[in-house]
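User: I would like to learn how to read burial, packing and aromatic pairs in a model. Please take me through them one at a time.

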Amino acid sequence: MRVVSGIQTTGNLHLGNYLGAIKQWVAMQDEVAAKGGDCLFFLADLHALTVANDPKDLAAHTIEMAATLIAAGIDPAKAVLFNQARVPAHAELCWILQGTARMGWLNRMTQWKDKAGKNREGASVGLFTYPVLQAADVLVYKATHVPVGEDQKQHLELARDIATKFNTDFGVELFPLPDPMISDAAPRIMSLRDGSAKMSKSDPSDMSRVNLIDDDDLIAQKFRKARTDAEPLPDDFKALAERAEARNLVTIYAALADRSPQSVVEEFAGQGFGAFKPALADLAISVLAPIRARLIELRGQPDAVQAHLREGAARATALAAPTLREAQEAVGLQV
Ligand code: TYM
């Protein structure tokens, strides 16, 4: 079993990243190690270059996000933690796979359509080929499992298509098909201001997300001001199907408490958000405050965080080397 996943180094980590991905990563690192497998988690700093980025911030964001992952429970002694740019095999395999991926496949990617918007001509080439690098990220380690939030499912399906076509075109069985693992508990956490948009680093409103660095008062304020409706909570979670904001807050509560959304609505049935929101804020604070405290401590030790990244990159480079070599041989490169 080889588990690989990444996170783009633009801005702060938020509750959607935590509940959709990082919490699963932390849970898996012991489980996978016990079975003799590897977990690799990386900061996707090369992916960050596909959108406008201030060079002054990028390295700092990478260190901050690595520190946040460690604070959230990723243990560099158990999981291989590194930044993508320090392992050139990602970019090298990406180039090889650009010969396999088809324009039509990339044109259908919803993230490309959303991010490029009406300005396709002005978007970077990297934004278009972004999912090919993502495919290389997992295939270069022959990943079997990729724990992600639901929004990354389409990119993982593309990685499977690229792997299948590569294996077929070159008559090899090089790449196993990576399995996207999407958490049942928190497939998609939505914005606190708009139940139809996902919680995202790129939302201009900071009130739309809870960042892992937010202090207790700010967390409480964000939940207090979260958009909801005037109805009380029902006793059946399915009855929230048309109430996106209410459904989102119940989903967040359930994921934070490791409970089913149904058991949460049963507990709060008949109560309004005046009662539910403070309970949710208290729960979120109880989970996030210890992460924030560890992060603040780690901010004082940037050299230690960098050392973990360097060591992780060396381990990742060694794990990637044989696959890159096999891919180069499969396409006939003289190396
Ligand atoms: P990124 O940086 O947007 O998000 C990192 C992880 O957090 C999950 N996530 C969410 N889950 C639930 N609700 C949300 N609102 C939410 N927002 C984010 C994402 O699904 C993801 O698992 N392209 C990727 C980074 C990447 C990657 C990879 C992932 C690069 N290479 C290889 C897996 C494998 C991205 O931008 O994720």
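**Reading the model, feature by feature**

Analyst: This is a predicted model. A first residue to look at is valine 331, which belongs to helix H13 (residues 302–331).

User: Is valine 331 buried, partly exposed or exposed?

Analyst: Partly exposed residues lie between the 20% and 50% limits of relative accessible area. Valine 331 has 31% relative accessibility and therefore counts as partly exposed.

User: Which residues form a nonpolar patch on the surface with Val331?

Analyst: Val331 forms the patch together with Phe170, Leu333 and Val335. The accessible area of the four together is about 300 Å².

User: What is the general idea behind a nonpolar core?

Analyst: In soluble globular proteins, nonpolar side chains tend to be buried together. Here the largest nonpolar core has 61 residues. Those touching the most other members are Leu15, Leu19, Leu69, Phe223, Leu249, Ile252 and Phe276. Helix H12 (residues 273–299) supplies the largest share of this core, 11 residues. Another core, of 45 residues, lies apart from it; among its members are Leu93, Trp105, Leu106 and Val140.

User: What does leucine 69 touch?

Analyst: Contact means heavy atoms within 4.5 Å. With residues up to four places away in sequence not counted, leucine 69 touches Ile7, Leu13, Ile22, Trp25, Leu43, Ile74 and Leu81.

User: Glutamine 8 is another residue I would like to place. Is glutamine 8 buried or exposed?

Analyst: The limit for buried is under 20% relative accessible area. Glutamine 8 is at 10% relative accessibility, so glutamine 8 counts as buried. Its place is in strand S1 (residues 2–8). Leaving out residues up to four places away in sequence, glutamine 8 touches Ala44, His47, Ala48, Val51, Met65, Tyr130 and Lys201.

User: How many aromatic pairs does a search of the whole structure find?

Analyst: The search finds 10 aromatic pairs. For each pair, read the distance between ring centres and then the angle between planes; over 60 degrees counts as edge-to-face. One pair is tryptophan 112 with phenylalanine 128: the ring centres are 4.9 Å apart and the planes are at 75 degrees, so this pair is edge-to-face. Tryptophan 112 lies in helix H6 (residues 110–116) and phenylalanine 128 in helix H7 (residues 125–139), so the pair ties together parts 16 residues apart in sequence. Both tryptophan 112 and phenylalanine 128 are buried.

User: How is the aromatic pair of tyrosine 253 and phenylalanine 268 arranged?

Analyst: Tyrosine 253 and phenylalanine 268 are also edge-to-face, with 5.5 Å from centre to centre and 70 degrees between the planes. Tyrosine 253 is in helix H10 (residues 244–257) and phenylalanine 268 in helix H11 (residues 261–268), so placed that the pair links distant parts of the chain, 15 residues apart. Both tyrosine 253 and phenylalanine 268 are buried. One aromatic cluster is formed by Tyr253, Phe268, Phe273 and Phe276.

User: Where is tryptophan 95, and is tryptophan 95 buried or exposed?

Analyst: Tryptophan 95 sits in helix H4 (residues 89–98). Exposed means over 50%, and tryptophan 95 has a relative accessible area of 66%, so tryptophan 95 is exposed.

User: What is arginine 120 in contact with?

Analyst: Arginine 120 is in the loop between H6 and H7. Leaving aside its neighbours within four places in sequence, arginine 120 is in contact with Asn107, Trp112 and Lys113. Its relative accessible area is 36%, so arginine 120 is partly exposed.

Conventions: Residues numbered from 1 in each chain as written. Predicted model: local features only at pLDDT ≥ 70, side-chain atom pairs only at ≥ 80, totals over all residues. Heavy atoms only, no water. Patch = residues over 30% accessible without salt bridge, like charges linked within 9 Å, V, L, I, M, F, W, Y side chains within 5 Å. Areas by Shrake-Rupley, 256 points an atom, 1.4 Å probe, with all protein chains shown as cover. Salt bridge = Lys/Arg side-chain N within 4 Å of Asp/Glu carboxyl O. Helix = DSSP H or I, 4+ residues; strand = E, 2+ residues; numbered from the N terminus. Buried < 20%, exposed > 50% of the residue type's maximum accessible area, 1.4 Å probe, protein only. Core = buried A, V, L, I, M, F, W, Y, C linked by side-chain atoms within 4.5 Å. Phe/Tyr/Trp six-rings, centres within 6.5 Å; stacked < 30°, edge-to-face > 60°.
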